[in-house]
Amino acid sequence: MATDAPPPPRDGTEPAAPAQPTTEEFVEVQESAEFGELRRTYRSFAFPLTVAFIAWYLLYVLLSNYAGDFMGTKLFGNVNVALVLGLGQFATTFLIAWLYSRHAADRLDPKAEAIKQHMESRTEADA
């Protein structure tokens, strides 16, 4: 796992701890337009997909409970609608994870990194 921390010194002395932002600085960043944009970008992706997945899952559960004849319909061999939809739940889960990974790498991570760099530069200037 990569880290931004430097290696420990060879002479056995402890390196000085980096300066940490104050509570006020965290609150200021939280109230900034950049952080608001990061939060909106995250929510505009996560909330709709969460609602869609929960609806899809509940549809599967409701069909399993109340549409047994439909779910038991054989498609080919011993494969029925319930099995296909159940496997679709797994496929959907992996698809959403993959889409979120791409979304985070393309849109969230650059914005978060910019906020982090801004906070670090302020902290270094104050030290």
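This is a short tour of a predicted model, with stops at its nonpolar cores, a surface patch and two leucines.

**Stop 1: the main core.** Start by selecting Val29, Leu38, Ala104, Leu108, Ile115 and Met119, the 6 residues of the largest nonpolar core. Now colour helix α4, residues 81-126: this helix supplies 4 residues, the largest share of that core.

**Stop 2: Leu38.** Keep the core on screen and centre on leucine 38. Which residues does leucine 38 touch, leaving aside those up to four places away in sequence? Show Leu108, Lys111, Ala112 and Ile115 and you have its contacts. Leu108 and Ile115 will be familiar, since they are also members of the core you have just selected.

**Stop 3: the second core.** Next, pick Leu63, Met71, Val81 and Leu85, which are among the 5 residues of a second, separate core.

**Stop 4: Leu83.** Stay with helix α4 and select leucine 83, which lies in that helix. Leucine 83 is partly exposed because its relative accessible area, 40%, falls in between the limits for buried and exposed. Draw a distance from its C-alpha atom to that of methionine 71: the two are separated by 8.2 Å, and the residues are 12 apart along the chain.

**Stop 5: the surface patch.** Finally, turn on the surface and select Ile54, Tyr57, Leu58, Leu62 and Tyr66. Together these residues form a nonpolar patch with about 560 Å² of accessible area. Zoom in on leucine 62, found in helix α2, residues 33-66. With a relative accessible area of 47%, leucine 62 is partly exposed.

Note on methods
Residues numbered from 1 in each chain as written. Predicted model: local features only at pLDDT ≥ 70, side-chain atom pairs only at ≥ 80, totals over all residues. Heavy atoms only, no water. Patch = residues over 30% accessible without salt bridge, like charges linked within 9 Å, V, L, I, M, F, W, Y side chains within 5 Å. Areas by Shrake-Rupley, 256 points an atom, 1.4 Å probe, with all protein chains shown as cover. Salt bridge = Lys/Arg side-chain N within 4 Å of Asp/Glu carboxyl O. Helix = DSSP H or I, 4+ residues; strand = E, 2+ residues; numbered from the N terminus. Buried < 20%, exposed > 50% of the residue type's maximum accessible area, 1.4 Å probe, protein only. Core = buried A, V, L, I, M, F, W, Y, C linked by side-chain atoms within 4.5 Å. Contact = heavy atoms within 4.5 Å.
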